[in-house]
Amino acid sequence: MCKVPSYIVTIYLYVYIIFSSAGQTVDAIATPFVGIMVDKFGKKKNWVLLGTVMEAISFPLIYYVWNLSIFVTTLIYICAILTFQMAWALVQISHLSLIPELTDLSLERGKLTSIRYVFTVSTNILMFIIAWLVFRGVRNNGNMGSLIGPNDSEKFQMLALIATTIGVFSAFIFHGLLKSPRNTNKKLMYRQNRQINFDKILQFCKNVHLYQVAIVFTTCKLLINIALIYIPLFINESAINESGTIASIPLVAYISSLITSIGVEYVKPYFKSDKAIFTIGSVISIFGSLLVFFNPNNALTYHYLCLAAICFGSGSAITSVLSLSVTANLIGNDTDCGASIYSSVTFSDKLINGLVIIGIEFMKCTDLEKCSHYYRDVLAFSSGSLALIGLLVFLTIPKILIKATKSSSSHIVI
């Protein structure tokens, strides 16, 4: 059998990494344009519905195995991924920007943010339960990194179709039951259809608080994304040899996140400032990174990872809900440019997520024996560092954006 040169394999790996992260980059680039478009034309519920249709078409295509040439197959995958990422930006920004329009009160905006997070986590929990049932019982053949392979493609196709069905069903319920926001009167809709207040958006861009909020939001999202991406890869390189854990441990993270996100609203009244709550969430995440790094890499590794998953889920739930609440408070009553502000905050999150994943994969050595603990170190050091950075920046945000009890006002200039 002819042996493929190592440099060909290396080039193919780099190309694969670039294209797999290209969707995240397109998502980041499309986000600001989506924000402006949503603010201009309004009717955010309709934009959510349009994005859902685009996702329903493109997402199953990403996991379908095409019996075509490499060039055509690659082209189909690229188009499907790019379409899905643009649709995801459309759904996310439209949905987030509805929160400031539904109520003037920052406390109610915080509750709506918590409810949104609860449903997001609940859906992920449902999918991980299904994934655990699908992959349960599959074991490796004694080779490192062979727990999941190409032969499992049909399982991923099944999961993609189930996820799409649940998403479409939920989107139509949302579209049918949600009443029109309070400020979608004819006068405002006419103004939105005619022009966008770019001067107000420029004022927001000059405000240092926008970048503080963006950093906090980015660190919170990046922490949980890295945890959910690299916990399964860490399992694949560890002493754990039961494939069901690839779904069960992230499931533990989501369950703890769900419980915490529900309870955080009940805990808030006992604290004078949300900064104390954010600090607790960050410390919990840092403790989870320590559990990952100091795991014994034996039969107890599973238990260490379960505790770490609980820490990551609980800590990220606290920090994510508070970061989104601060974003809503930053918008205040300027809901006519709310989508643009949300898109500005999430832009750095999406762009940096893609760049970080590319960097992590490029730095990984090809010899598994030499970097047998690579994903353990990535998971431990990145999550701990991100939690610390997010905490330090959050502590510098003024109190008026952290917690407000009365109706929100414009916070462009403070």
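Reader: How much area does the chain expose, and what share do carbon and sulfur atoms supply?
Author: This is a predicted model, where local features need pLDDT of at least 70, side-chain atom pairs count only at pLDDT 80 or more, and totals for chains, interfaces and linings use all residues. Residues are numbered from 1 along each chain as its sequence is written, and side-chain values use heavy atoms, leaving out hydrogens and water. Accessible areas come from the Shrake-Rupley method with a 1.4 Å probe; for residues, only the protein chains shown count as cover. The chain exposes about 20,400 Å², and the carbon and sulfur share is 69%.

Reader: How many helices and strands does the chain have?
Author: Both are DSSP runs, numbered from the N terminus: helices are H or I, at least four residues, and strands are E, at least two. The count is 14 helices and zero strands.

Reader: Is Ser-314 buried or exposed?
Author: Ser-314 lies in helix 11, residues 301-331. Buried means under 20% relative accessible area, exposed over 50%, partly exposed in between (1.4 Å probe, protein chains only). Ser-314 has 12%, so the word is buried.

Reader: Which residues does Ser-314 contact, leaving aside neighbours within four places in sequence?
Author: Contact means heavy atoms within 4.5 Å. With those neighbours set aside, the partners of Ser-314 are Ser-256, Ser-257, Thr-260 and Ile-284.

Reader: Why does Val-72 count as partly exposed?
Author: Val-72 sits in helix 3, residues 70-102. Val-72 counts as partly exposed because its relative accessibility is 35%.
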